Amino acid sequence: MVAQAYAVDLNKPLVFQVGHLGEAYDEWIHKPIVSKEGPRLFASDHLEFLTRTAWWMIPLIWLPVACWFISKSVRTGLTPPQVALALFGGICFWTLLEYTLHRFLFHMKTTSYWGNTFHYLLHGCHHKHPMDGLRLVFPPVGAAILAVPVWTLIKLLSPASIAPAFFGGGLLGYIAYDCTHYYLHHGKPSEGFSESMKRYHLDHHFKIHNKGFGITSDFWDKVFHTLPPKKAAEKKR
């Protein structure tokens with residue numbers, strides 16, 4: 001099938017096509033195709049492999065890394081309450097980073113060829129194919145690239161004994177975020193907080209994509225006034 005309006009052939013690898021959409025790119029990615037079968041992004045099998053990640057790979061890879069960083073702080077002599085406080089701080093830091101990245105980086109507006117191409121790889125493909133089960137969590141290579149400057153910043157701003165546990169807490173927050181994101185798309189909660197967050201996140205995809213940037217909670221959306229209109233109205237009652 002060919003998307004005639006924008007001349008994108010959905011039967012061919014998409015990454016190097018979407019850049020040509022120019023100003024029409026933002027509109028195109030926000031007309032989702034609801035199918036569990038994901039598109040082909042690259043002609044190269046090796047590059048294509050790197051874009052697909054099963055959700056369980058996230059805890060499998062990153063939990064040991066988080067534990068190693070936490071153990072570094074323990075070995076410096078931090079007490080259990082100090083470690084717990086650093087972990088809590090790292091998790092809170094992640095929630096703000098999660099919101100900031102989603103709002104300002106993942107939803108940046110692009111019109112140039114390489115800007116569209118980069119954005120499509122980063123987040124646009126997820127909005128175009130929101131039920132693609134192998135592109136709902138961040139590929140480990142991409143996550144590692146983002147983790148390096150975050151760890152560098154934490155080392156610069158935190159005492160040497162606290163920084164590893166703080167970063168470990170951030171990694172725990174990230175693991176919870178990615179696993180939650182997968183569950184919000186493919187889980188079937190029937191009630192309570194998880195059901196509310198599933199509706200909240202799917203509204204972000206299918207109703208109002210420039211609101212509701214929280215994944216694990218709507219806390220920062222409340223703080224920065226980016227609640228979807230219905231959610232904001234419920235809050236005022």
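The exercises below, each with a worked solution, go through a predicted model.

**Exercise 1. Find what UniProt lists for residues 90-226, and describe the helix and strand content of that span.**

Solution. Begin with the record, in which an unreviewed UniProt entry gives "domain: Fatty acid hydroxylase" for residues 90-226. Turning next to the model, the span is 69% helix and 0% strand. As a last step, take the C-alpha atoms at the two ends of residues 90-226, which lie 23 Å apart.

**Exercise 2. State where UniProt places the feature "transmembrane region", and describe residues 54-71 and 83-101 in the model.**

Solution. According to the unreviewed UniProt entry, the feature "transmembrane region" is placed at residues 54-71, 83-101 and 136-154. In the model, residues 54-71 are 83% helix and 0% strand, and their end C-alpha atoms are 27 Å apart. For residues 83-101 the values are 100% helix and 0% strand, with 26 Å between the end C-alpha atoms.

**Exercise 3. Describe the largest pocket by its volume, its central residues, the elements that line it and the classes of its lining residues.**

Solution. The volume comes to about 700 Å³. The lining of this pocket has 30 residues, and those closest to its centre are Leu121, Leu122, Phe138, Pro139 and Gly142. Two or more lining residues come from each of helix H3 (45-50), H5, helix H6 (113-128), helix H7 (140-157), helix H8 (163-186) and helix H9 (192-206). Within this group, H6 gives the largest share, with 6 residues. Sorted by class, the lining of the largest pocket holds 20 nonpolar, 8 polar and 2 charged residues.

**Exercise 4. Describe the second largest pocket by its volume, its central residues, its lining elements and its residue classes.**

Solution. The second largest pocket has about 360 Å³ of space. Its lining is made of 19 residues, of which Trp94, Leu97, Leu101, Leu146 and Val150 are the closest to the centre. The elements that contribute two or more residues to this lining are H5, H7 and H8, and the largest share, 6 residues, comes from H7. The class count for the second largest pocket is 17 nonpolar, 1 polar and 1 charged.

**Exercise 5. Determine how many cavities of 30 Å³ or more the structure holds, and identify the residues that line the largest cavity.**

Solution. The structure holds 1 cavity of 30 Å³ or more, and the space in the largest cavity is about 50 Å³. Its lining consists of Thr95, Glu98, Tyr99, Gly214, Thr216, Ser217, Phe219, Trp220 and Asp221. Helix H5 (80-105) and helix H10 (219-223) each supply at least two of these lining residues. By class, the lining of this cavity has 3 nonpolar, 4 polar and 2 charged residues.

**Exercise 6. Locate His201, decide whether it is buried or exposed, and describe its surroundings.**

Solution. His201 is placed in helix H9. Because its relative accessibility is 1%, His201 counts as buried; the cut-off for buried is under 20%. Apart from residues up to four places away in sequence, His201 touches His126, His181, Leu184, His185 and Ile215. With one of these, His181, there is also a polar contact between the two side chains, at 3.2 Å.

**Exercise 7. Locate Trp62 and Gly115, and explain why each counts as buried.**

Solution. Trp62 is found in helix H4 (residues 57-75), and it is buried because its relative accessible area is 9%. When neighbours within four places in sequence are set aside, the contacts of Trp62 are Pro140, Ala143, Ala144, Leu171, Tyr174 and Ile175. The C-alpha atoms of Trp62 and Gly142 are 13 Å apart, although 80 residues separate the two along the chain. Gly115, for its part, lies in helix H6, and its relative accessible area of 16% is why it is buried. Between the C-alpha atoms of Gly115 and Cys179, which are 64 residues apart in sequence, the distance is 28 Å.

**Exercise 8. Place His225, decide whether it is buried or exposed, and describe its phi value.**

Solution. His225 sits in the loop between H10 and helix H11 (229-236). Its relative accessibility is 66%, so His225 counts as exposed, the cut-off for exposed being over 50%. The phi of His225 is near 60°, which is a positive value in a residue other than glycine.

Methods. Residues numbered from 1 in each chain as written. Predicted model: local features only at pLDDT ≥ 70, side-chain atom pairs only at ≥ 80, totals over all residues. Heavy atoms only, no water. 1 Å grid on protein atoms, 1.4 Å probe; cavity = no way out; pocket = protein on both sides within 12 Å on 5 of 7 lines; lining within 4 Å. Points joined across faces, edges and corners; volume = space filled by probe spheres on them. Helix = DSSP H or I, 4+ residues; strand = E, 2+ residues; numbered from the N terminus. Nonpolar A, V, L, I, M, F, W, Y, C, P; charged D, E, K, R; others polar. UniProt positions renumbered as here; feature names shortened; annotations may be inferred. Buried < 20%, exposed > 50% of the residue type's maximum accessible area, 1.4 Å probe, protein only. Polar contact = N/O pair within 3.5 Å; in protein donor to acceptor, adjacent residues only side chain to side chain. Contact = heavy atoms within 4.5 Å.
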